[in-house]
Amino acid sequence: MITSLWRRALLVLIAAWIPVTIFIAWWTLSAESTNPYFPPLSLIVQRFTELWFSNEFIVTVLPSLRNFFIGYLLACTIGIVLGTLIGGSRTGIKYAEPIIDFIRSIPAVATVPIFIIIFGLDIAMRVASITVAASMPILIATIQGVRSADVVQLETARVFHLSRAQQLWRVRLPGAMPIIFSGLQLGLQIAFIVTIASEFLGSGFGIGSFTLIATESFLILDAWTGVILMGLLGYLINIVFDLVERYYLRWYYGQKKIA
Amino acid sequence: MEIALTSDNPVRAFGRIPPALVSTVTALVLWQLVTTVGPIADLSIPSVTETGAALIGELSSGEFYIRLWETIQMAVIGFVLAMAIAIPVGILIGLSRFSWRSTKFTFDFFKVIPPIVIIPIVILVLGPTMQMGVFLIVFTLVFAMAIQTGLGVRDADAVLLETMRCYGMSTASQIRYARLPSAAPFIAVGVRLSASAALVVSIVAGLIGGAPGLGKSILLSQAAGDEPRTFATVFVLGVLGIAVSRGVTWVQRKSIFWMPT
């Protein structure tokens, strides 16, 4: 018991020494810094707490998060529904594939100007560009997942006279979930990137816009806090996704452990 | 009788047209319709013919090829630098359990952070230059590639390594004959993903950071209100993206032909 506790403490120590070293090095090396671009870390931390533990968080960050979640949820719905429909039919794949292949080959961020032309600098522009960009990997993963259903399970379903809809709902979709989840994760990362990009390119509100304006007005401290906050948000979103996936796909990871 | 029927059957004949052609033409016709007669005709969205004209205009101008070359150059320099850093680092961190566990958290952290968020600071320090784009590309690729290489190095056959140790082979030859061969397929996958990512980041660096290249062209044409040119350039980027991912897959199939992809 005690040895396993020691072991765990040791593992944490091994994982933590590099980040801690980086932090201490940054703190001490920047302490006397007069370089305008690299202000002392102590000042950045102070400004960070001032800005983001106040009303400013609600005004600046929440609109970004709202766009992000609306766009991502729409992308999940569209991607999975369309993907199931297309993946369920062989002709569907043949006709849809070239179009999907082309759209997903355009860098997600480069589609934002197109949406600015269509929607202007409205919220609709931000949500639409997030939705379209993030739905691509989800759509592709769903098509792949639905197609690669387990043959024995499908045959069994047929023997028991399950209807096509039942086969899709009970056999194909559950079996496709591990692949769909990889698409959902990629979609999540793209949704976050496009959220920020839509604020960089079409200024207005949001954390991306805040940071870019701070940069342009040489408010270096504010720019640093914006960059750090966006980085932390990007990291946290991924962590939350991993937890949800672990929980939802626990049957799948269980199978993998046994195998 | 039946043979004649099948060969003249218009539905069958339709089925022989490549599906890619059918859906591409359908998409283009739909786009043309909604922008000229359809519901969004009076918005500033360019039609197929306007975009096509802009595309031809672009492709016949020398300017366009300079921008294309800048984008590719930035992507290649960033890609090569990132590989030159990440592969040796990946081998190092994969060699021992201590180095792997020490770096795991830090590398995962930087791998997950989307590179777009650091652009404001990078613009401040480096300005809208090619170095800025190269730095962004390296930052994007290096952590994921090092982890990927490390995973490959760690995948080496334990029995083989033990045997080598028993025969007193040096660490260098263990790396050469056991670690690297096991890492090769991992590195190949990483290289393929990195090449596409390098192109994307090279464009993003231009579009958001003002670095030279096609990304900046989009930014400028949009700011000038030249919608057909914006559409045409984005269209070119799609074609470029397909070309790079197909090209890299083709090169890998030729060069590591023994490995099924």
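**Close-ups of a predicted model**

**View 1. A salt bridge within helix α6 of chain B.** B:Asp108 comes out as partly exposed, since its relative accessible area is 23%. Keep in mind that this model is predicted. The side chain of B:Asp108 meets that of B:Lys104 in a salt bridge, at 2.6 Å from N to O. Both residues sit in helix α6 (residues 97-112) of chain B, four residues apart, or about one turn of the helix. B:Lys104 is partly exposed too, at 35% relative accessibility.

**View 2. B:Glu70 paired with B:Arg67.** Here the closest N and O atoms are 3.0 Å apart. The two residues are about one helical turn from each other because they are three residues apart in helix α5 (residues 62-95) of chain B. B:Glu70 is buried, with a relative accessible area of 17%, while B:Arg67 counts as partly exposed at 22%.

**View 3. A:Arg104 meets A:Asp101.** This salt bridge spans 3.4 Å, N to O. Its partners are three residues apart in helix α4 (residues 90-105) of chain A, so about one helical turn separates them. A:Asp101 is buried at 17% relative accessible area, whereas A:Arg104 is partly exposed at 46%.

**View 4. A nonpolar surface patch on chain A.** About 510 Å² of surface is made by A:Ile70, A:Leu74, A:Ile78, A:Val81, A:Leu82 and A:Leu85. One of them, A:Ile78, lies in helix α3 (residues 55-88) and is partly exposed, with 39% relative accessibility.

**View 5. A positive patch with residues from chains A and B.** A:Arg7 joins B:Arg97, B:Arg101 and B:Arg154 here. B:Arg154 belongs to helix α8 (residues 130-154) of chain B, and its 38% relative accessibility makes it partly exposed.

How values were computed:
Residues numbered from 1 in each chain as written. Chains lettered and ligands numbered in written order. Predicted model: local features only at pLDDT ≥ 70, side-chain atom pairs only at ≥ 80, totals over all residues. Heavy atoms only, no water. Patch = residues over 30% accessible without salt bridge, like charges linked within 9 Å, V, L, I, M, F, W, Y side chains within 5 Å. Areas by Shrake-Rupley, 256 points an atom, 1.4 Å probe, with all protein chains shown as cover. Salt bridge = Lys/Arg side-chain N within 4 Å of Asp/Glu carboxyl O. Lys, Arg positive; Asp, Glu negative; His and termini not counted. Charge placed at Lys NZ, Arg CZ, Asp CG, Glu CD. Buried < 20%, exposed > 50% of the residue type's maximum accessible area, 1.4 Å probe, protein only.
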